[in-house]
Amino acid sequence: MPHFINVILPLPLEKHFTYSVSAGEAEFLQPGMRVAVPFGKSKIYTGIVSAVHQEDPKIYEAKPIEQILDKTPVVTAAQLAFWKWLASYYMCAEGEVLRAAIPSAFLLESETIVQLMKDVEVEEEELTDDEYLLYEALQRQSSLKINEIIQLLDKKTVLPVINSLVEKKVVVVNQEIYEQYRPKMEKYVRLDPKHASEEGMHQLLDELNRAPKQRQVIFTLFSLSAKDKDKPLKLKTLAKESRVSTNVIKSLVQKGVLEEYDSQTDRLQYGGGEVSGSMELNEYQEQALQEIRAAYEKERVCLLHGITSSGKTEIYVKLIEEMVATGKQVLYLLPEIALTAQLISRLQAYFGEKVIVYHSKYSVNERVEVYQNVLNNSSKAKVIVGVRSSVFLPFHDLGLIVVDEEHESTFKQYDPAPRYHARDAAVVLGHMYNASVLLGSATPALESYFNAEHSKYSLVNLNRRYGNVLLPEIEIVDIKEKHRKRRMTGHFSDRLVEEIRETLAEKEQVILFQNRRGFSPILECNTCGHSPQCPNCDVSLTYHSRNNQLRCHYCGYNMALQKKCMACGSPELSTKGFGTEKVETELKALFPDHKIGRMDLDTTRGKHGYEKIITAFEEGEIEILVGTQMLTKGLDFRNVRLVGIMNADTLLNFPDFRAHERSFQLMLQVAGRAGRTEKRGKVLIQTYNPHHQIVQQVSMNNYADMYKEQLEERRQYKYPPFYRLIRLTLRGRDYSRVNEGADWLATSLKNSFYENVLGPEFPPVARIRNEYYKNILIKIPQKQSLGKTKGLIEKVLQSFKAVGAFRSIRVVVNVDPY
Ligand code: ADP
Ligand code: ZN
Ligand code: ZN
């Protein structure tokens, strides 16, 4: 009987691919192991075994595999099941999930290597110039990679040249696979065994009599190993402890006194520091904790609606403690890791080296180490803190998932597939592992609150700030009136200036919030109204004063600022709109003697950019911090008295059905940064629409009213949670093709879904990098089967792809777009 395996390839294929294996390989292989397999013309990929069986694929002849890459599975059965769910729910291929789910270093690269045929005899005149060049180069170098050949021949299309040389039997092409992941090696030292006896030791010290530094090293080594005999000693540590340079140690190695050896180290060491018990909860927190525990008796998922600074984190900590005590793993999901230095040190203070962080800014190797620690259920991976992609880790015995700030939109992945929402995926993950799930927020997503109201989740409320600190007082400033009465200085109302002045006088800090979205300054001609556009995208270029440039935020196109209007030549240009940079500039003019900092995408580049600003603010080196929504995410500053929201209207006017909900969440979250100690904080909201219901609801901290009103609108206009959405985005270089394709697709979909198909419609920015975009939205009523709907959509998409004219159009499917 022949043997086969099914393999998930890291490609957007609909099906698993079948390969043939020997009886011995079939015996050895298990689902979740990696194999290198040929696919397509001459490519080799790493795939994951999904099944071992004896069924011939019939439609094609199963090729043999190249190589088995693992001794034990690197992907668990639970992960395979989770991938399957993700692929089916988010309408993508399991191969796409695979790509997102395991560290790229696990997917061995296939690099084509070209070598000369052994004992080759060449008739030189039979070769073209390019062929000769390559042949000659290969006589000097034993092998070349495709990229090197591209450079050598100075052209892109080198494959025909190689092919021809293969046909002429001059070169061979083989694919070589190697592991990308290299563990970090570190140098260690130990005493040569011949000195281990007491006698040997005395002899050694005598010998070193005239080398005091070397003697000192030996003494240090003794005293260190007296403390912990079996602990391996790093060369660096020994040098540091004995206060000598590493050269002294090296010379001892040369003398044969010490032995040097390499060993793999863990990159993810916990920095040390005392581990202390968690804090005692106050009565309200205790009450909430009891309610959560009770809720888990009935419901797997619990929503904790606790106002800002109510001490939600300490409640999570208690639940984590309990879980860790039973030996289970805990996943702590966060919207953005950049914002978590504060949280991680808090968790490390409680759980020490049991905390592991899965960081988007980590290197490939670091990610592999986290992955492996989780896979091996190591004691270092009990509390796993991470961003959305950490739902893909190979958990063992997952007992609890905490989703902090569950309303955050960054939990949704935009691009590439799988376009999943980590909160929703976490709920499914919890189900698969039989784990409890805790969603926490001061401003829950409408969907989550709806689920809680409809008994899908349980709900626990926490309405008091820790230490009975009052919620900040909120004042609304009508800037239309302020403009009329000429009480504005730039974008600052007189009220805001007064409050800032007062706060600074009392040596307290200020946060000013200005949303970045759609609000960067644009250059406009006062004479003809022209504003410079990006040549590749349908957007105006934005002005950056730092380097006096105009830039495109979509494609990065930039140009120097022009002195005159490019359309009419008028020198009268002004900037319209304002971003954080503008606020900062105006602020410097208003408060020249105070230290001002800015936190946005531009100032937080680099691994530690963000931390630096946070630390400077915490330590009082910055008195006024200007920032975008980055400021909203769970930061806990002690000395902030005043928060100013520069302009509420741009948030409210954003063209999206979630705009109002989002504005409420954003404003309430920024407001929550004010007054976290005894003194009551103050929040000023500047707006042209002081009576807007959302502004009013923020000012009264009225989540319930916001929820009720927004929900009613969602019901009326057929949006989530009443209807599910699937968005199809077409994209291509040919404008009319995209239009035709979109019409074709919309018409076909309307045959099945009638008035629940919206569009096709151009998005607000309809051209990016010279590609045109068009959207179609499908609304799915609650009672309509989701599975059947997706099946129908897939069928329509298949017929679409079969139309030759539409071959150049890409269609992206986004389930639950955000
Ligand atoms: P939230 O996450 O709900 O906004 P935090 O968990 O950040 O609130 O708590 C707000 C502040 O109160 C933090 O500075 C925290 O250290 C403090 N805090 C919360 N609970 C306790 C407690 N039980 N004992 C001492 N301090 C607490
Ligand atoms: Zn002009
Ligand atoms: Zn552009």
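## Overall architecture

Helices, taken here as DSSP runs of H or I with at least four residues, and strands, taken as runs of E with at least two, are numbered from the N terminus. In this predicted model, one such element is helix H11, which covers residues 283-298 and contains Glu286. The protein as a whole has 26 helices and 37 strands. Its radius of gyration is 31 Å, close to the 28 Å that the globule rule gives for 818 residues, so the protein is as compact as a globular protein of that length.

The C-alpha trace spans about 90 × 80 × 65 Å along the principal axes of the protein, and buried residues account for 52% of the 818 residues. Glu286 itself counts as partly exposed, because its relative accessibility is 31%, a value that falls between the 20% limit for buried residues and the 50% limit for exposed ones. Between the C-alpha atoms of Glu286 and Glu453 there is a separation of 23 Å, and the two residues are 167 residues apart along the chain.

## The zinc site of ligand 2

The zinc ion that is ligand 2 has four protein donors, namely the SG atoms of Cys525, Cys528, Cys565 and Cys568, which lie 2.3 to 2.4 Å from the ion. The site of this zinc ion (ligand 2) is tetrahedral, with angles of 107 to 113° among its four donor atoms. Along the chain, the donors of the zinc ion (ligand 2) follow the spacing C-x2-C-x36-C-x2-C. Cys528 is placed in the loop between E24 and E25, whereas Cys565 is placed in the loop between E27 and strand E28 (573-576), so this pair ties together parts that are 37 residues apart in sequence.

These two cysteines can also be described by their accessibility. Cys528 counts as partly exposed because its relative accessibility is 43%, while Cys565, at 6% relative accessibility, counts as buried.

## The zinc site of ligand 3

For the zinc ion that is ligand 3, the protein donors are the SG atoms of Cys534, Cys537, Cys552 and Cys555, lying 2.3 to 2.4 Å from the ion. The arrangement around the zinc ion (ligand 3) is tetrahedral because its four donor atoms subtend angles of 104 to 112°. For reference, the ideal angle at a metal with four tetrahedral donors is 109.5 degrees.

In sequence, the donor residues of the zinc ion (ligand 3) are spaced C-x2-C-x14-C-x2-C. Distant parts of the chain are linked by the pair Cys534 and Cys552, which are 18 residues apart: Cys534 sits in the loop between strand E24 (522-525) and strand E25 (542-544), and Cys552 in the loop between strand E26 (549-551) and strand E27 (558-560). Both Cys534 and Cys552 are buried.

## The second largest pocket

The second largest pocket holds about 930 Å³ of space. Its lining consists of 30 residues, and those that lie nearest the centre of the pocket are Met91, Cys92, Ala93, Glu96 and Lys801. Helix H2 (77-89), helix H3 (94-101), helix H26 (786-802) and strand E37 (810-815) are the elements that give two or more residues to this lining.

Of these elements, H26 provides the largest share of the lining of the second largest pocket, with six residues. Divided by class, the lining has 17 nonpolar, two polar and 11 charged residues.

## Backbone features in loops

Two cis peptide bonds may be noted for anyone preparing to inspect the backbone. The peptide bond from Ala417 to Pro418 is cis, with omega near 0°, and Pro418 lies in the loop between strand E17 (398-404) and helix H15 (422-433). Pro720 and Pro721 are likewise joined by a cis peptide bond, for which omega is about 5°, and Pro721 is placed in the loop between helix H24 (703-716) and strand E33 (723-732).

Positive phi values occur at two serines. Ser309, although not a glycine, has a positive phi of about 65°, and this residue belongs to the loop between strand E13 (301-306) and helix H12 (312-325). Ser309 is buried, with a relative accessible area of 15%. Ser455, also not a glycine, has a positive phi of about 60° and is found in the loop between helix H16 (446-453) and strand E19 (458-462). Ser455 counts as exposed because its relative accessibility is 53%.

Key: Residues numbered from 1 in each chain as written. Chains lettered and ligands numbered in written order. Predicted model: local features only at pLDDT ≥ 70, side-chain atom pairs only at ≥ 80, totals over all residues. Heavy atoms only, no water. 1 Å grid on protein atoms, 1.4 Å probe; cavity = no way out; pocket = protein on both sides within 12 Å on 5 of 7 lines; lining within 4 Å. Points joined across faces, edges and corners; volume = space filled by probe spheres on them. Nonpolar A, V, L, I, M, F, W, Y, C, P; charged D, E, K, R; others polar. Donors = N, O, S within 2.8 Å, 3.2 Å for Na, K, Ca; no water. Tetrahedral: all angles 85-135°; square planar, octahedral: opposite > 155°, others 65-115°. Buried < 20%, exposed > 50% of the residue type's maximum accessible area, 1.4 Å probe, protein only. Rg over C-alpha atoms; globule rule 2.2 N^0.38 Å.
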